[in-house]
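Student: Please take one part of this model and go through it closely, in one connected account rather than a list. I would like the terms to be defined with their cut-offs as they come up.

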Amino acid sequence: MKALVIAKRLIKQIGSDKRSLGLMFIAPVLIIYLLSVIFTSSTSKPKIDVVSAPDTFVQALTKDTITSNVNNEGIALERLKSGLSNAYVVFSNNAPKVTVEGSDPMITKSVTALIKKALMSEIIKLPQASSPQVTIPEPSINYLYASSEIDFFDSMAPLLMGFFIFFFVFLIAGVSFLRERISGTLERILATPLKRYEIVFGYFLGFGVFITIQTIIIQTFMVYGLKVFTNGNFFLILLINLLLAGQSLALGTLLSAFAKNEFQLFQFIPIVIVPQILFSGIFDLSEAPVWVNALSHIFPLTYGAKALKDVMIRGLGLMDIWKELIIIVAFGVVFISLNSLALKKYRKI
Amino acid sequence: MQSLVEVRNLKQQFGTQVVLENVSLDIFEGEILGVLGPSGAGKTTLVKAIVGMNQPTSGSINILGTKMPSLSAVRNIGYMAQSDALYEDLNAIDNLLFFGELYGIKGKEAKERTMELLEIVKLLDDSKKQIKNFSGGMKRRLSLAAALFHKPKILILDEPTVGIDPVLRMEFWKEFERIKNAGTAIIVTTHVMDEARHCQRLALIRNGGIIALGSPRELLDQSSTENLEDAFLYFSGVKGGYSL
């Protein structure tokens with residue numbers, strides 16, 4: 001059986017590649033573990049603030065949510081904006097006014113359902129209270145960002161857009177830079193007076209042309225073709241996407257320096273790319289352990305996804321996201337510098 | 001004669017592995033120095049150290065008086081690597097123009113030089129073909145042209161004639177001869193003993209050290225042998241007929 005010959009060779013071959021082996025056996029365990037941490041922590045109770053609410057309502061609401069009494073609507077609004085709460089309820093003239101954050105349809109749904117449920121339980125108690133002037137309080141629901149029209153795909157769209165731009169650029173840039181090294185041309189051009197950073201930067205510029213086109217296509221298709229919900233300026237979104245793509249380009253070329261072949265480059269996908277998706281905001285990490293949150297901050301995609309969500313769904317402007325943009329650019333600069341250093345492997349100067 | 005390249009007591013070590021030790025040699029204007037030795041002897045490592053890719057562990061390399069590694073000194077070197085480092089998706093002209101531009105040669109000058117070189121290496125008819133459709137011999141010829149583009153004072157050729165047919169090999173050596181006569185110093189590595197007769201001087205290299213240095217005639221006389229294969233065995237300390 002010649003198949004055995006092939007099999008034997010393959011076992012020897014892969015067996016000698018310690019890194020591939022490690023990845024094959026350890027990466028799945030790691031990713032499944034991360035997923036389990038995220039899933040078990042994302043079933044958190046929604047946080048709802050109440051302003052001058054009746055005690056019965058607060059008691060009913062406390063059962064299913066984390067309810068906090070705040071002094072006035074201004075404070076409640078601030079807390080909502082800064083993400084300390086998911087919604088707030090203000091009672092004025094006995095009419096409840098609900099304001100939800102609105103960027104995540106899942107949270108919006110559960111929050112409004114829980115508030116309605118709490119209001120119902122208050123009504124049930126009413127006959128005993130014998131106050132005839134009270135009518136059924138139908139809550140008016142406002143949205144801080146977006147509206148009730150936003151569906152699950154809309155809320156995911158900024159993340160998906162950011163991720164796909166990031167992923168495709170990473171792959172193409174990584175493979176292409178790898179090819180330059182495998183074919184010997186990298187070594188060859190390093191035998192010329194070319195400076196190391198000029199090579200890295202040249203790659204960045206050359207690919208920049210293509211990733212700009214790619215980014216415009218992806219974004220245009222999502223915004224005008226799929227008509228995903230967007231509240232933000234098209235060009236501001238494009239700016240975020242381009243910075244994200246540029247940074248991914250830098251990361252792809254950098255990581256290709258640590259891969260001997262395409263096989264090893266693709267191994268970076270489960271350890272570098274997949275965790276980024278998990279941590280970039282698809283899942284609510286607010287209740288996750290501290291280390292999960294800390295981890296999410298080392299992934300560039302987290303910042304890209306946040307900026308995209310802020311602009312597309314929350315309709316925020318450049319002044320609100322400049323910090324994220326600076327972090328994305330900083331990541332890119334670090335990756336390019338590291339890559340320039342990594343080329344020392346080929347030429348010491 | 002002026003020494004263009006001075007290698008002094010070069011030691012090159014990677015981790016714990018010593019690849020070159022105590023290597024000293026000079027390369028003079030208008031000569032072809034053959035670096036002759038079996039694969040694994042350290043030929044490519046020596047060449048890469050001269051090109052400035054590696055920092056010597058100890059010892060020194062000077063190119064036209066500049067200590068290597070130095071990017072400005074690299075300008076004087078034309079390098080043809082062991083593998084054909086060409087861009088498969090580009091045609092011959094674009095490949096050459098690219099390498100020219102790395103040395104700052106652009107525009108009309110670059111185009112003229114490209115055509116001149118394509119003529120020298122007899123690739124004019126295939127100049128618009130993508131390299132992936134080139135044969136091995138054609139790729140070698142184009143690699144040589146790329147190394148010559150900026151008219152370097154020192155030409156370093158790492159196994160330039162591997163895998164090419166005897167006719168082309170003959171033409172390669174004729175071309176090297178012409179380049180040499182124009183005043184360029186050439187370093188050629190090879191493991192084909194037969195090619196050594198084209199060189200003015202030979203450095204026999206084995207296990208990371210130079211075992212003999214001199215003209216082919218001198219080496220034959222010193223070892224009182226008839227051919228370089230036997231001379232190599234003699235200098236390796238293996239006097240007798242059996243192979244390594």
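**The sheet of chain B**

Tutor: In this predicted model, E1(B) and E2(B) form a hairpin with two residues between them, and Gly15(B), which lies in the turn, has a positive phi of about 65 degrees. The names follow DSSP runs numbered from the N terminus, with helices (H or I) of at least four residues and strands (E) of at least two. Residues are numbered from 1 along each chain as its sequence is written, while chains are lettered from A and ligands numbered from 1 in the order in which they are written. As the model is a prediction, local features need pLDDT of at least 70 and side-chain atom pairs count only at pLDDT 80 or more, whereas totals for chains, interfaces and linings use all residues.

Within the hairpin, strand E1, residues 3–14 of chain B, runs antiparallel to strand E2, residues 17–28 of chain B, and eight bridges join them; two strands count as paired if DSSP finds at least two bridges between them. One position to look at in this pairing is Glu6(B), which has Asp26(B) in E2(B) standing opposite. Strands of a sheet pair through backbone hydrogen bonds, either parallel or antiparallel.

The hairpin belongs to an open sheet of four strands in chain B, whose order is E2-E1-E4-E5 and whose pairing is antiparallel. Because E2 and strand E5 (66–67) of chain B stand at the edges and each have a single partner strand, one side of each is left without a neighbour in the sheet. At the E5 edge, strand E4 (residues 58–63) of chain B is the antiparallel partner, joined to E5(B) by two bridges, and here Asn62(B) stands opposite Lys67(B).

Chain B also meets chain A: 18 residues of chain B are in contact with 16 residues of chain A, where contact means that the C-beta atoms, placed from the backbone, lie within 7 Å. On the chain A side, the residues that touch chain B divide into seven nonpolar, four polar and five charged, taking Ala, Val, Leu, Ile, Met, Phe, Trp, Tyr, Cys and Pro as nonpolar, Asp, Glu, Lys and Arg as charged, and the others, Gly among them, as polar.

As for confidence in that partner, chain A averages a pLDDT of 83, with 93% of its residues scoring at least 70; pLDDT is the predictor's confidence in each residue, from 0 to 100. In chain A, the lowest confidence is in helix H5 (residues 105–129), at a mean of 73, and the highest is in helix H14 (residues 318–342), at 92.

Notes
Contact = placed C-beta atoms within 7 Å.
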